[in-house]
Number of protein chains: 2
Amino acid sequence: MGLIVQKFGGTSVANTERIFNVARIVTQTYDKGNNVVVVVSAQGDTTDDLIEKAAQINKNPSKREMDVLLSTGEQISISLLAMAIESLGYPVVSMTGWQAGFLTDSNHMSSRIRKIKDERLLKELDKKNIVVVAGFQGINRYEDITTLGRGGSDTSAVALAAALKADLCQIYTDVDGVYTADPRIVKTAKKLEEISFDEMLELASLGAQVLHNRSVEMAKKYNVNMEVVSSLEDKPGTKVKEAVKMEKMLIKGVARDNDVCRIAVVGLPDKPGIAFKIFTLLAKEKINVDIILQSIGREGTKDISFTCPCGQKDRAIEVLNNSLDSLEAQKIESDDNVSKVSIVGAGMQSNPGVAATMFEALYDSRINIQMISTSEIKISVLIERKDSERALQVIHDAFQV
Amino acid sequence: MGLIVQKFGGTSVANTERIFNVARIVTQTYDKGNNVVVVVSAQGDTTDDLIEKAAQINKNPSKREMDVLLSTGEQISISLLAMAIESLGYPVVSMTGWQAGFLTDSNHMSSRIRKIKDERLLKELDKKNIVVVAGFQGINRYEDITTLGRGGSDTSAVALAAALKADLCQIYTDVDGVYTADPRIVKTAKKLEEISFDEMLELASLGAQVLHNRSVEMAKKYNVNMEVVSSLEDKPGTKVKEAVKMEKMLIKGVARDNDVCRIAVVGLPDKPGIAFKIFTLLAKEKINVDIILQSIGREGTKDISFTCPCGQKDRAIEVLNNSLDSLEAQKIESDDNVSKVSIVGAGMQSNPGVAATMFEALYDSRINIQMISTSEIKISVLIERKDSERALQVIHDAFQV
């Protein structure tokens, strides 16, 4: 008995059969005496179809009008799911983003939620209605429709769970939980029963692609109990929460990120302030720098290397080339054929053997480490992309996760 | 220079090419120094597609959820048209029904407009924006989405023109005006330059299918200058207004309605109160009775015949059969193979020759009249459906309209 928020993505409501599958999950939860709020995304390819429709008319439409267009996708989903729940004989009411009280900033197509005015929603729950809410959308202070951008529906669900002080926020996906490594690559990967917010954040940003970071950050901030669970199979998922019970397992997962590119500024003078100049230039261009390495070059010079997402590579190189003279650098080099492989787990910092085990596993497999980065709960290495799947496997084996 | 409301139906925004055609009409009106408010319907078959989607999930969905679903159709249209207008370089903003302030009653799927809160819309016009409004939709007092039912977008446009005290409300369609008869049937039909609200109401209810009665009734009530004009050809349409200049032409048009069925209650006792009983029964079932004829039957009995829309025939017959005993009637008969053919024109009542001319034309063509009905501005006859096209032609010829 409690209040449960359940979120279903676009593939979970892609057709009539799947919509009824969702309706059954929702009504079973309701039958157990819970209040249920359901957050849904647009059906399957709806959003892409709408973007294509817009592109035929205007290659560069205003973001305000794109939001008016895109928000129809979830509105279709909520009404269809409500109709399915009705047909199973349950009381239900659908609500668009504005009806559910999602107030956002005015940053169209990637708005942030400022507040949820949940009076209407609470009234519907009081009437024992199942409430189906359109994810991904809200309105700004001018009552213009806004959308939340990537991972928006996850964020809607967590924000709603936080506002309503829900007992649980279940994120239904086409995987059945969070694994110790990508099960498509590492056959011995195991599903985690629990994971902490911080570990989930590291895994998500490292390319685990189960939950969007925005939603996990919000869940951490408001201490929302999350669960990643399969919409296709009825079995326990992975709980994501603040406090995780101690387990013998130190490493929670091994992840790979291919959306990474290495750039080197070669032949810099060995004097103070150079790194500051470089990263100020890049920050101005909003380039997300990840790992940074400074090394001694030839003849008293030094090199500074860093990684950034592939999509920002060209811009980063352009900015640096334009400043070659003021940086007194010789040239800019770059490498696309790299991957970042990381291990994540709380408490690894106080256990120096962890890094050694990881490096040894790579050394034994003759995989060369180009760069290293560590945080309190993760260790990342940059390696050649061709080695990355093998690296995932040997590291996973080494830690017997 | 003024404020013009322009309404475009579903076929006018069915594809990219047509949307740009509308954008050009709108921006040309704006270029002449006018404030322009555009009301649009859902694209082409969108509404039918959405109804089909719903039917796959629930044969009898709640009307509230149907309204949530159907209202996405116009929301897609407004954003796409706004994007097209943007791409032509004009300032534009789209507004859904609720954003434009359409407050309706709670009669989902056939709501009536109670009020338009036009503050936001007026602000956008003050900023010299072209405003694109979703027709057909609004919200009720609970902020639930409602739709206006058949002819809804025409009604939205006229209501907006009334609220904003617009100088003109142009209804763009795929015909170029109101004709003296259906030009697909009567080749000599002529386009009317002007028509009064009352004449338009009679023509519309008689099956002229150019404007919906609800919108004309509202235009008459608030004295909104309307114009029916082609979205495909740039030429003058037909003005619909209160006062129409006197013309030599007495008859404004000849119309046919095939959605009519004749029902006869046969062998009633010849005593008072029988007609009252019959039409009270029918009124309780909300059956729209049109022409009524009472005639003497055999052996001191009488028959009462009436017409109603085809869709209500079965219900009407059922209701009457259930009351055969209390009505002391012998039996119920019905006939589907009828059409109503009518002539419309203000002032015909003070000119008795009009009816005679009509009846003579039908007699000369050996077309039998089953029933006759007259009002101040129209004369209708019920005839066999197979004769109806010929009747249109010969009546049109007789009046040389």
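**Getting to know this predicted model**

In this predicted model, L148(B) has contacts beyond its neighbours within four places in sequence: S110(B), S111(B), F136(B), T155(B) and S156(B).

Me: Where does L148(B) lie in chain B?
Reply: Two elements of chain B frame the spot: strand β8, covering 145–147, and helix α5, covering 152–163. L148(B) lies in the loop between β8 and α5.

Me: Is L148(B) buried or exposed?
Reply: Let's count neighbours: L148(B) has 27 C-beta neighbours inside 10 Å. The cut-off for the label is 20 or more. So L148(B) counts as buried.

Me: What separates the C-alpha atoms of L148(B) and R112(B)?
Reply: Along the chain, these two residues are 36 residues apart. In space, their C-alpha atoms are separated by 6.3 Å.

Me: Over to chain A: what radius of gyration does it have, and what would a compact globule have?
Reply: Chain A has 401 residues, and a compact globule with that many would come out near 21 Å. The C-alpha atoms fill a box of roughly 80 × 50 × 35 Å along the principal axes. The radius of gyration of chain A agrees with the globule value, at 24 Å.

Me: Which strands stand at the edges of the open four-stranded sheet in chain A?
Reply: The pairing is antiparallel, and the order runs β15-β16-β14-β17. An edge strand here has a single partner strand, so one side of it is left without a neighbour in the sheet. In chain A that fits β15 (292–296) and β17 (331–335).

Me: Which helix packs on that sheet?
Reply: The helix we want touches β14, β15 and β16 of chain A. Its direction makes about 140° with that of β14(A). It covers residues 274–284 of chain A and is called α8.

Me: Which residue in β17(A) does A264(A) stand opposite?
Reply: Strand β14, residues 261–269 of chain A, pairs with β17(A) in the antiparallel sense over five bridges. Looking across from A264(A) to β17(A), you find E333(A).

Me: Which element gives the most to the side of chain A that touches chain B?
Reply: Between the chains, 26 residues of chain A are in contact with 26 residues of chain B. Elements giving two or more residues on the chain A side are α1 (16–31), α2 (46–57) and α3 (63–87). With 14 residues, the one giving the most is α3(A).

Me: How many charged residues does that side of chain A have?
Reply: Sorted by class, the side touching chain B has twelve nonpolar and ten polar residues. The charged ones number four.

Notes. Residues numbered from 1 in each chain as written. Chains lettered and ligands numbered in written order. Predicted model: local features only at pLDDT ≥ 70, side-chain atom pairs only at ≥ 80, totals over all residues. Pairing = 2+ DSSP bridges. Contact = placed C-beta atoms within 7 Å. Axes fitted to C-alpha atoms, helices over the stretch in contact; angles between N-to-C directions. Rg over C-alpha atoms; globule rule 2.2 N^0.38 Å. Buried ≥ 20, exposed ≤ 12 C-beta atoms within 10 Å, placed from the backbone. Nonpolar A, V, L, I, M, F, W, Y, C, P; charged D, E, K, R; others polar.
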